[in-house]
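Reader: I am a first-year student, and I would like a slow, close look at a single part, with each term explained when it comes up. Please begin wherever the picture is easiest to build, and then follow it through.

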Amino acid sequence: MRIVIAGGHGQIALRLERLLSARGDEVAGIIRNAEQGDDLRAAGAEPVLLDLESASVDEAAALLQGADAAVFAAGAGPGSGTARKETVDKGAAVLFADAAVRAGVRRFVVVSSMGADPAHQGDEVFDVYLRAKGTADAYVAGQNALDWTILRPGALTDAPGTGLVRLEAHTGRGAVTRDDVAAVLAELVDTSATAGLTLELIGGSTPVTVAVKSVAGN
């Protein structure tokens, strides 16, 4: 498969790129900063330069031509203010979905956040973030031309992955390692039977492959 990842230098994205390239997939990661290219190459991915905050749908669609799947893993990051939650976590996600539709890429996986909700209340930065992610998720879910799956991990940690997770429509609050999030994403990209599902993810007791097959109905 050829898989294009938005937010290619993110912590989860780099882990995902290593997993996908190791299993023989062709991976491209979209980055804004050319200096990040070496990190992507080290992970086995082709770095592609594009600023999704200022790009047009056509520019993003050009990068998606010929891809079998697209993954939105971009984020403004914890140090950013409310404005970039709107332009990255919402705006870039909407743009990337539109670009996938235009390029004819049906398989579309989103890295969202537990608690994402377009109606979330509050004025703190994290409240704005959850609203932005929720609005973007709702937009993606409304695209009939996409076989979308939305993944909402719990609190992220950098502990080594266990390969054991809980993946359900509603898991309740909990933590999950970035390694395990990447492992689940790698399985989801391949599992189009999860299309149309919004899934929460925390650490658990079920092996990743079994957890994905279970929600896919296999």
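Author: Let us begin with a lining: α1 (11-22), β2 (26-31), α4 (82-103), α5 and β7 (155-157) each contribute at least two residues to the wall of the largest pocket. The names refer to DSSP runs numbered from the N terminus, helices being H or I runs of at least four residues and strands E runs of at least two. What you see is a predicted model, in which local features need pLDDT of at least 70 and side-chain atom pairs count only at pLDDT 80 or more, while totals for chains, interfaces and linings use all residues. Residues are numbered from 1 along each chain as its sequence is written, and side-chain values use heavy atoms, with hydrogens and water left out.

The element to follow is α4, which gives the largest share of this lining, five residues. The largest pocket has a volume of about 1100 Å³, and of the 40 residues that line it, Ala73, Ala74, Gly75, Ala76 and Gly77 are the closest to its centre. A pocket here is an open set of points on a 1 Å grid over the protein atoms alone, where a 1.4 Å probe fits and protein lies on both sides within 12 Å along at least five of seven lines; a lining residue has an atom within 4 Å of a point. Grid points are joined across faces, edges and corners, and the volume is the space filled by probe spheres set on the points. By type, the lining residues divide into 19 nonpolar, twelve polar and nine charged, where Ala, Val, Leu, Ile, Met, Phe, Trp, Tyr, Cys and Pro are nonpolar, Asp, Glu, Lys and Arg are charged, and the others, Gly among them, are polar.

Staying with α4, we can take Ala99, which is found in this helix. Ala99 counts as buried, at 0% relative accessibility; buried means under 20% relative accessible area, exposed over 50%, and partly exposed in between, with a 1.4 Å probe and protein chains only. Once its neighbours within four places in sequence are left aside, Ala99 is in contact (heavy atoms within 4.5 Å) with Val57, Ala60, Ala61 and Leu64. Sequence separation is a separate matter from distance: Ala99 and Ser80 are 19 residues apart in sequence and 25 Å apart in space, C-alpha to C-alpha.

Those four contacts lead to another helix, for Val57, Ala60, Ala61 and Leu64 are the buried residues of α3 (residues 57-64). Seen down the axis of α3, they fall within an arc of 100 degrees, so they line one face of the helix; the arc is that of the directions from the helix axis to the C-beta atoms. The general background is that an α-helix has 3.6 residues a turn, so residues three or four places apart point the same way. The buried residues of α3 pack against β1, β4 (69-72) and α4, and just after α3 comes Gly66, with a positive phi of about 85 degrees.

In the loop between β3 (46-49) and α3 sits Leu50, which is buried at 15% relative accessibility. Leaving aside neighbours within four places in sequence, Leu50 is in contact with residues including Ile30, Glu59, Ala60 and Leu63. The C-alpha atoms of Leu50 and Ile30 are separated by 6.2 Å, although the two are 20 residues apart along the chain.

Finally, we return to α4 by way of its aromatic residues. The structure holds three aromatic pairs, where rings of Phe, Tyr and Trp (its six-membered ring) pair if their centres lie within 6.5 Å, and planes under 30 degrees apart are stacked, over 60 edge-to-face and the rest tilted. Phe96 and Phe108 form a tilted pair, 5.7 Å centre to centre with 45 degrees between the planes. Phe96 lies in α4 and Phe108 in strand β5 (residues 107-111), so the pair ties together parts that are twelve residues apart in sequence. Phe96 is buried at 0% relative accessibility, and Phe108 is buried with a relative accessible area of 0%. Together with Phe72, Phe96 and Phe108 form one aromatic cluster. Thus α4 supplies five residues to the pocket lining, holds Ala99, and is among the elements against which the buried residues of α3 pack.
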